[in-house]
Amino acid sequence: MNVATHDLNGSVVVVLGGEVDLQHSPRLRKVLMELMALRRAVVVDMAAVAYIDSSGIASLVEAYQTARRQAGRFTLAAVSAPAMRVLRLARLDQVFAIADSVEAAAALV
Amino acid sequence: MTPLDRRFPARPERLCDIRRAVAAAAATLGCADAVVGDVVLAVDEACQNIIRHAYHGEDGDIIVRIDGEGGDLVVQLVDFAPPVDVARLCPRPLDELRPGGLGIHFIRTVMDRVEFPPPPAGAGNLLRMVKHIGGPS
């Protein structure tokens with residue numbers, strides 16, 4: 001799993017890639033929850049996610065719920081086909097804010 | 001035909017190896033990419049449950065076996081942890097938004113049959129999952 005962050009138009013873009021599984025998802029959770037503690041608007045760029053399991057999805061759900069409690073923004077962007085398949089299995093494609101591109105997600109903020 | 005019959009340490013850092021081995025075995029049996037992806041997800045989620053809820057993070061092994069039976073792919077996962085109460089392995093309602101508890105839902109959704117037959121002598125638990133292979137990839 002690769003995770004890197006950069007700023008874009010006032011949001012923090014979390015660029016997520018590779019395989020997000022039980023071994024690596026705690027690191028994703030830590031990155032996301034630190035950003036939530038800073039009350040930053042977050043866009044997760046999921047274009048390069050080759051695989052995500054329920055533990056990775058759980059990290060996204062926890063960050064989303066925290067953002068919602070804080071009236072903050074948490075958006076998924078450019079979701080890869082394998083990741084979208086798993087989001088749909090969990091019916092979370094109807095819960096998360098999902099944008100076609102990182103730029104579109106950042107513009108929503 | 002048994003394209004995979006291998007013992008893995010029940011550790012999160014070995015899930016990647018398990019996924020690779022399962023994907024190769026499913027492809028050997030002629031599964032299309034989408035079916036391979038479903039089987040990999042189901043095995044990964046089941047192995048996570050074994051690591052977390054059967055072994056509770058302690059050392060142990062998982063035997064991953066994949067067979068072709070007629071037009072079906074059959075996965076068998078054997079662990080050596082204390083027997084788990086399978087009646088408690090229920091998927092949670094999806095309209096209840098919370099971080100955990102999705103693994104069993106994924107397994108039951110992507111596989112055609114999920115069963116817990118009696119484990120072989122000396123083993124703790126046996127999970128048997130069946131997926132119809134479908135047409136050639």
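**The β5 strand of chain B, its sheet, the core and the chain contact**

Let me begin with β5(B), whose covered face carries Asn125(B), Leu127(B), Met129(B) and Lys131(B), while Leu126(B), Arg128(B), Val130(B) and His132(B) make up the uncovered one. Please keep in mind throughout that what we are looking at is a predicted model.

Now, where does this strand sit? Chain B has an open sheet of five strands, in the order β1-β2-β3-β5-β4, with antiparallel pairing. The twist from one strand to the next averages 15 degrees. On one side, β5(B), residues 125-132, pairs with β4(B) in the antiparallel sense, over three bridges; on the other, eight bridges join β5(B) to β3(B), residues 72-79, and these two strands also run antiparallel.

Individual residues make that picture more concrete. Met129(B), which belongs to the covered face of β5(B), is the bridge partner of Val114(B), and it also stands opposite Val75(B). Arg128(B), on the uncovered face, stands opposite Glu115(B).

What happens at the edges of the sheet, where β1(B) and β4(B) stand? Each of them, β1 at 4-9 and β4 at 113-115, has a single partner strand, so one side of each is left without a neighbour in the sheet.

Let me turn from the sheet to the packing. As a general remark, nonpolar side chains in soluble globular proteins tend to be buried together. In this model the largest nonpolar core has 74 residues, and those with the most contacts inside it are Val42(A), Val22(B), Ala26(B), Val39(B), Ala42(B) and Val43(B). The element that gives the most to this core is α2(B), with twelve residues.

One of those well-connected residues, Val42(A), deserves a closer look. If we leave aside its neighbours within four places in sequence, Val42(A) is in contact with Ser11(A), Val12(A), Val14(A), Leu32(A), Leu35(A), Ala63(A), Ala67(A), Arg73(A) and Phe74(A).

Finally, how many residues does each chain bring to the contact between A and B? Chain B brings 18 residues and chain A brings 17 residues. On the side of chain B that touches chain A, the elements giving two or more residues are α1 (15-28), α2 (33-54) and α3 (103-110) of chain B, and α2(B) gives the most, with five residues. By class, that side of chain B has nine nonpolar, five polar and four charged residues. So the helix I would ask you to remember is α2(B), which gives the most to the largest nonpolar core and also the most to the side of chain B that touches chain A.

Notes: Residues are numbered from 1 along each chain as its sequence is written. Chains are lettered from A and ligands numbered from 1 in the order in which they are written. This is a predicted model: local features need pLDDT of at least 70, side-chain atom pairs count only at pLDDT 80 or more; totals for chains, interfaces and linings use all residues. Two residues are in contact if their C-beta atoms, placed from the backbone, lie within 7 Å. Helices (H or I, at least four residues) and strands (E, at least two) are DSSP runs, numbered from the N terminus. Ala, Val, Leu, Ile, Met, Phe, Trp, Tyr, Cys and Pro count as nonpolar, Asp, Glu, Lys and Arg as charged, and the others, Gly among them, as polar. A nonpolar core is a set of buried Ala, Val, Leu, Ile, Met, Phe, Trp, Tyr and Cys residues joined through C-beta atoms within 7 Å. A residue is buried if 20 or more other C-beta atoms lie within 10 Å of its own, exposed if 12 or fewer, and partly exposed in between; C-beta atoms are placed from the backbone. Two strands pair if DSSP finds at least two bridges between them. Axes are lines fitted to C-alpha atoms, for helices over the stretch in contact, and angles run from 0 to 180 degrees between N-to-C directions.
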